[in-house]
Amino acid sequence: MAGMKRQVSRNLDAKKIMDEKAVARALTRLAHEIIERNEGVESVVLIGIKTRGIYLADRLAQRIHNIEKRSVTVGELDITLYRDDLRQKKEDPEILGSDIPVSIEGKTVILCDDVLYTGRTARAAMDALMDIGRPQRIQLAVLVDRGHRELPIRPDYVGKNIPTAKNELISVRLDEADGEDSVLIFSTR
């Protein structure tokens with residue numbers, strides 16, 4: 001799907017919603033909110049949903065360290081086998097694997113992702129987490145919430161709410177994967 005988004009983004013006019021500074025400000029605000037809501041970060045584990053969620057989790061961990069002078073463990077979660085559209089795919093899924101370096105038992109796990117849309121990715125991530133262990137609580141941090149939920153899932157931390165039409169796409173571009181930080185919106189009509 002990410003490849004499709006990049007291909008579509010080359011063929012459509014884009015409007016930049018967030019630039020590099022806006023992304024940085026949003027992540028700094030999210031780090032402060034995470035610290036405040038959890039009264040510190042002693043039992044917090046940040047887990048990025050592959051792929052861009054990992055980069056966001058790493059950046060949040062760095063910001064939290066700069067603020068609290070405490071390290072936060074960061075893990076990577078591959079939800080490929082938990083997706084509810086797996087049977088509809090014609091190609092074999094690419095399994096990237098998860099890497100969670102600590103036990104999540106009794107911890108506050110914060111799932112990190114770039115865009116929250118239908119809620120299906122977040123649901124798959126929660127299913128994958130529960131197969132790994134039983135955290136005390138799961139929270140969700142997203143850079144962009146674009147609406148159009150199909151499942152009753154609500155993020156705990158949002159960088160920016162961007163109401164969209166169903167015919168619009170959101171593309172989060174991060175330096176680690178795309179060579180720049182920005183959020184773009186495209187219309188498919």
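## A strand covered on both faces

Let us start in the middle of things, with strand β2. Both of its faces are covered: Val44, Leu46 and Gly48 on one side are all buried, and so are Val45, Ile47 and Ile49 on the other. Put as a count, 6 of the 6 residues of β2 are buried. Please keep in mind as you read that this is a predicted model.

Which strands does β2 join through bridges? One is β4, which runs parallel to β2 and is joined to it by 5 bridges. Val44, for instance, stands opposite Thr108 in β4. Another is β3, again parallel to β2 and joined to it by 5 bridges. Here you can look for Ile49, whose bridge partner in β3 is Leu77.

## The chain as a whole

Now step back to take in the whole chain. It holds 5 helices and 8 strands. Starting at the N terminus, the elements follow one another as α-β-α-β-α-β-β-α-β-β-β-α-β.

How much of the chain is buried? Of its 189 residues, 45% count as buried. The surface that the chain exposes comes to about 10400 Å², with 44% of it supplied by carbon and sulfur atoms. Contacts also link distant parts of the sequence: among those with a separation of 6 or more, 68% are between residues 24 or more positions apart.

## The parallel sheet

Strand β2 belongs to an open sheet of 5 strands, in the order β3-β2-β4-β5-β6, with parallel pairing. The edge strands are β3, residues 73-77, and β6, residues 157-161, and each of them pairs on one side only. From one strand to the next, the twist averages 25°.

Further along this sheet, strand β4 (residues 108-116) runs parallel to strand β5 (residues 137-145), and 8 bridges join the two. Thr108 is a handy place to look, as it stands opposite Arg137 in β5. You met Thr108 above, opposite Val44 of β2.

## Helices on the parallel sheet

Several helices meet these strands. Helix α2, residues 20-37, packs on the sheet and touches β2, β4, β5 and β6. The direction of α2 makes about 150° with that of β6. Helix α3, residues 52-68, lies across β2, β3, β4 and β5. Relative to β2, helix α3 runs at about 150°.

Helix α4 covers residues 120-132, which makes 13 residues. From its first C-alpha to its last it reaches 19 Å, close to the 18 Å expected at 1.5 Å a residue. Which residues of α4 are buried? They are Ala122, Ala124, Ala125, Ala128 and Leu129. Seen down the axis of α4, these buried residues fall within an arc of 160°, so they line one face of the helix. And what do the buried residues of α4 pack against? Their partners are β2, β3, β4 and β5.

## The antiparallel sheet

There is also an open sheet of 3 strands, with the order β1-β8-β7 and antiparallel pairing. β1 and β7 stand at the edges, each with a single partner strand, so one side of each is left without a neighbour in the sheet. The twist here averages 30° from one strand to the next.

Strand β8, residues 182-187, is mostly covered, with 5 of its 6 residues buried. On the β1 side, 4 bridges join β8 to strand β1 (residues 14-18), and the two run antiparallel. One pair to find there is Lys15 with its bridge partner Ile185 in β8. With strand β7 (residues 168-173), β8 pairs in the antiparallel sense over 6 bridges. Among the bridge partners across these two strands are Glu168 with Ser187 and Ser171 with Leu184.

## A closer look at Arg173

To finish, find Arg173, which sits in strand β7. Leaving aside residues up to four places away in sequence, which ones does Arg173 touch? They are Asp178, Glu180, Asp181, Ser182 and Leu184. Arg173 and Leu184 are 11 residues apart along the chain, and their C-alpha atoms are separated by 7.9 Å. Leu184 should be familiar by now, as the bridge partner of Ser171 in β8.

Note on methods
Residues numbered from 1 in each chain as written. Predicted model: local features only at pLDDT ≥ 70, side-chain atom pairs only at ≥ 80, totals over all residues. Heavy atoms only, no water. Pairing = 2+ DSSP bridges. Axes fitted to C-alpha atoms, helices over the stretch in contact; angles between N-to-C directions. Contact = heavy atoms within 4.5 Å. Expected span 1.5 Å × (residues − 1). Buried < 20%, exposed > 50% of the residue type's maximum accessible area, 1.4 Å probe, protein only. Arc of directions from axis to C-beta. Areas by Shrake-Rupley, 256 points an atom, 1.4 Å probe, with all protein chains shown as cover.
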